[in-house]
Amino acid sequence: NASRFVRMNLSIDEIKLPDAADLAPEDKWILSKLQETVASVINSLDNYEIGVALNTLYDFTWDIFCDWYIELSKITLNDKESAQNAVTQNVIAYVLADILKLLHPFMPFITEEIYQSLPHDTESIMIADYPKYDESLTFPAECENVERAIAAIRVIRNRRNEMNVP
C-alpha cells in the first residue's frame with residue numbers, strides 16, 4: 001500500500017535528491033532516520049544478525065516511513081502547484097527505493113517488482129548499489145524538532161483516547 005501511494009503521487013521521471021536547503025524538516029527527518037537504518041542494517045548483516053536487520057527494517061518501514069512520513073507528506077503531495085511538491089516526491093521516492101534495496105536480499109521478487117514501477121537508473125534492483133551510510137544526509141537538529149512534534153502528537157492522541165474524545 002505504501003508503494004502504491006507513492007507511485008500514485010509521483011509525476012517525476014527520475015529520483016534526484018534536492019539540495020539540503022530545499023528540504024522541509026520532515027524530509028530531513030526521514031533522510032536522517034533512513035541513514036540510521038542503513039547503518040544499523042549493514043552492521044547487523046556484517047555480524048550475521050539477520051533477525052536484527054529484519055526487525056530494524058520492519059520498524060523503519062512501518063513505524064517511521066508509513067505511519068509518520070507518508071502521513072506528513074500527504075499535504076505537500078496534494079498541493080500539486082507548490083514548489084515543495086517536487087521536493088517531497090523526490091524524497092519519498094528516494095526513501096522507498098532505498099527501503100526496497102535494503103529489503104531485496106530478503107524479499108527479492110516483491111522488491112524487484114515494486115522497484116521496476118518506480119523511476120530507477122539501473123536495469124534491475126539486483127545490480128543497483130546497496131545503500132551506504134551518508135553523513136551528509138543526517139540532520140540532527142531538524143530530526144530532534146520533528147521527534148518532539150511526533151511525541152506531542154502521541155501524547156495528545158493518548159489523552160484523547162483516555163478521555164474517550166472522538
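## A look around a predicted helical model

Cys66 is a buried residue, with a relative accessible area of 14%. Keep in mind from the start that this is a predicted model. Does Cys66 sit in a disulfide or in no disulfide? The structure holds zero disulfides, and Cys66 is in none, its nearest cysteine sulfur being that of Cys143, 18 Å away. Seen from the other end, the sulfur of Cys143 has the one in Cys66 as its closest cysteine sulfur, and at 18 Å that is too far for a bond. Cys143 is buried as well, with a relative accessible area of 9%.

### How the helices pack

Let's start with helix H2, which covers residues 25-46, and helix H3, which covers residues 50-78. Their axes lie 9 Å apart, and the packing angle is about 170 degrees. H2 and H3 are therefore roughly antiparallel to each other. On the H2 side, the residues that meet H3 include Trp29, Ile30, Leu34, Val41 and Leu45. On the H3 side, the partners include Leu57, Phe60, Ile64, Phe65, Trp68 and Leu72. Sorted by class, this contact has 15 nonpolar, five polar and three charged residues.

H2 also has dealings with H6. Here the axes come within 8 Å and cross at roughly 105 degrees, which makes H2 roughly perpendicular to H6. Pro25, Glu26, Lys28, Trp29, Ser32 and Lys33 are the H2 residues in this contact, and they meet Glu142, Cys143, Val146, Glu147 and Ile150 in H6. So what is the class make-up of the contact of H2 with H6? It divides into five nonpolar residues, one polar and five charged. Cys143 turns up again here, among the H6 residues that meet H2.

Then there is H5. Its buried residues are Thr111, Glu112, Ile114 and Tyr115, and the buried residues of H5 pack against H1 and H4.

### The nonpolar core

In soluble globular proteins, nonpolar side chains tend to be buried together. In this model the largest nonpolar core has 42 residues, and the ones touching the most other members are Trp29, Ile30, Phe65, Ile92 and Val95. Which elements give two or more residues to this core? They are helix H1 (2-8), H2, H3, helix H4 (84-103), helix H5 (108-117) and helix H6 (140-162).

Ile92 is a good one to click on. Leaving aside its neighbours within four places in sequence, Ile92 is in contact with Phe5, Val6, Leu10, Phe65, Tyr69, Ile70, Ser73 and Leu77. Trp29, another of those well-connected core members, is among the H2 residues that meet H3 and also among those that meet H6.

### Two buried threonines

Thr76 is in helix H3, and Thr88 is in helix H4. Is Thr76 buried or exposed? Thr76 is buried, with a relative accessible area of 13%, and Thr88 is buried too, at 1%. Setting aside neighbours within four places in sequence, Thr76 is in contact with Glu26, Ser82, Gln84, Asn85 and Thr88. On the same basis, Thr88 is in contact with Asp27, Tyr69, Ser73, Thr76 and Leu77. The two threonines therefore appear in each other's contact lists, and since contact means heavy atoms within 4.5 Å, they have heavy atoms within that cut-off. Thr76 and Gln89 are 13 residues apart in sequence, and their C-alpha atoms are 9.0 Å apart in space.

### Out on the surface

Now for some exposed residues, listed with their places in the chain.

| Residue | Location | Relative accessible area |
|---|---|---|
| Tyr48 | loop between H2 and H3 | 73% |
| Asn164 | segment after H6 | 67% |
| Met126 | loop between H5 and H6 | 64% |

Tyr48 has a phi near 60 degrees, a positive value in a residue other than glycine. Asn164 also has a positive phi without being glycine, with a value near 55 degrees.

Met126 counts as exposed, but what does Met126 touch, not counting residues up to four places away in sequence? His104 and Glu112. Glu112 is also one of the buried residues of H5. Finally, Met126 and Lys101 are 25 residues apart along the chain, and 8.3 Å separates their C-alpha atoms.

Terms used:
Residues numbered from 1 in each chain as written. Predicted model: local features only at pLDDT ≥ 70, side-chain atom pairs only at ≥ 80, totals over all residues. Heavy atoms only, no water. Axes fitted to C-alpha atoms, helices over the stretch in contact; angles between N-to-C directions. Helix = DSSP H or I, 4+ residues; strand = E, 2+ residues; numbered from the N terminus. Parallel < 35°, antiparallel > 145°, perpendicular 65-115°, else oblique. Nonpolar A, V, L, I, M, F, W, Y, C, P; charged D, E, K, R; others polar. Disulfide = S-S within 2.5 Å. Buried < 20%, exposed > 50% of the residue type's maximum accessible area, 1.4 Å probe, protein only. Core = buried A, V, L, I, M, F, W, Y, C linked by side-chain atoms within 4.5 Å.
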